[in-house]
Amino acid sequence: MLRTEYVRQAFRFIDEAHASIDDELIRVCEIPAPPFQEFARAEYVQERFVQLGLTSVRVDNEGNVIGERPGLSSNPRLIVSAHLDTVFPEGTDVRVKREAGRLSAPGISDNSCGVVSLIALAAALNAARVTTERRIVFVATVGEEGEGNLRGARALFTNPEVQSEVAAFISLDGPGVERITNRALGSRRYRVTISGPGGHSWGDFGIVNPIHALGRAIGRFAAYPAPLAPRTSYNIGIIEGGGSVNAVPQNASMVVDMRSVSSEEIDKLEAYLRRVVDIAVREENLQRSMSGTSLDHKLEQVGDRPSGETPADSTLVRAAMACSRALGIEPRLDCASTDSNIPISLGIPAITIGVGGISGACHSLTEWYESAGRELGLKRLLLLTLSLCGLAGEPVAFSTTADD
Ligand SMILES: [Zn+2]
């Protein structure tokens, strides 16, 4: 496939468009896309999809931008996506500073570079006048980061039609070319709130104290022996409660993050969390039972990302490895929490890959990106797209039964 005239033309486009892709990268990055406020960046992408001749360009109810590039057959189809949102709040200065080959701004790498690569893929296919067997659906998703809880990918795959018609899903996220994320790192997040009557620290001494109970729960929870394999982690990232040194508080809360490559391990960890909170509240109630007061508690889920994997020997992962090696890239399989978590949990083959170039200080105000070498990432993406969707008249890598 490397030798076909189509591929040569697309590769030439990728080489020649380097500077204009950088310009577009700066444009995209300078359109703020805070969590839950991606609409301005979405609008830009929507315009570009229309300009590039994609069909049925639309914004769905959740805010995802969708555009299609028809193939000879309409199903099953390939979805290529990149997330629009950043971790940065409204008002963050997102102007891009350009020094030598380095572009610096919050969100420049995660994920402005993914968004422009999605656009560049459509442009490269057009430049080569390629017709594919399979339809390609381009999606710029919302809500990939943090509290967004993959709401864009979730909305995309709640449509039962989408589920049954997707042969594979590729998410473009961040720089680099080595990493092929085929395993989905699951996470579950809870806010635990303990509450009681509250009162005076001296006058009401002896009544139940939510902070004391929370402390007992934290002590027990932090002793959990998380396994190294399957890798599992936990973190209490926020504690809140109380208002005065001489008042027994009415409320105390903590926000807990639990992650594992195995969903059974997350289930175990969640069960442990529930148990230690129960025990801590019971202990506090027992110790203060003479006062006739008692504590209440509740656990609210504030995040849930499923785990799972696209097998290393699946057609999708094998194709991604082969396309990487064809370009001299030695790929590495990887585990992370990305938009691919959702299709993977539904049994749809999905991977997340980098788009080339290098970056640093991700998720910080000093985030930077260097686009030198991005061609390699874009060429790999182009080859992978063609190998999954097939040039018209040539065989495709996927069987129609989606047997992965
Ligand atoms: Zn990202």
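Ala, Val, Leu, Ile, Met, Phe, Trp, Tyr, Cys and Pro count as nonpolar, Asp, Glu, Lys and Arg as charged, and the others, Gly among them, as polar. Keep that in mind for the first view, and remember that this model is predicted.

**View 1. A cavity and the residues around it.** A search of the whole structure turns up 1 cavity of 30 Å³ or more. The largest cavity holds about 60 Å³ of space. Among the residues lining it, you can look for Pro32, Ala33, Arg41, Phe88, Glu90 and Val94. The lining is made up of 6 nonpolar, 3 polar and 2 charged residues.

**View 2. The zinc ion and its protein donors.** Here His83 gives its NE2 atom, while Asp110 and Asp173 give OD atoms, Asp173 appearing twice; these donors lie 2.0 to 2.7 Å from the zinc ion. Because the angles between the 4 donor atoms run from 52 to 146°, the arrangement is irregular. Along the sequence, the donor residues follow the spacing H-x26-D-x62-D. His83 sits in strand β3 and Asp173 in the loop between β7 and β8, so this pair ties together parts that are 90 residues apart in sequence.

**View 3. An open sheet of 4 strands.** Follow the order β4-β5-β19-β18, with antiparallel pairing. At the edges are β4 (97-99) and β18 (358-360), each pairing on one side only. On average, neighbouring strands of this sheet are turned by 20° against each other, direction ignored.

**View 4. Zooming in on β4 and β5.** Strand β5 covers residues 102-104 and pairs with β4 in the antiparallel sense over 3 bridges. Which residue of β5 stands opposite Lys97? Look for Ser104.

Terms used. Residues numbered from 1 in each chain as written. Predicted model: local features only at pLDDT ≥ 70, side-chain atom pairs only at ≥ 80, totals over all residues. Heavy atoms only, no water. 1 Å grid on protein atoms, 1.4 Å probe; cavity = no way out; pocket = protein on both sides within 12 Å on 5 of 7 lines; lining within 4 Å. Points joined across faces, edges and corners; volume = space filled by probe spheres on them. Pairing = 2+ DSSP bridges. Helix = DSSP H or I, 4+ residues; strand = E, 2+ residues; numbered from the N terminus. Axes fitted to C-alpha atoms, helices over the stretch in contact; angles between N-to-C directions. Donors = N, O, S within 2.8 Å, 3.2 Å for Na, K, Ca; no water. Tetrahedral: all angles 85-135°; square planar, octahedral: opposite > 155°, others 65-115°.
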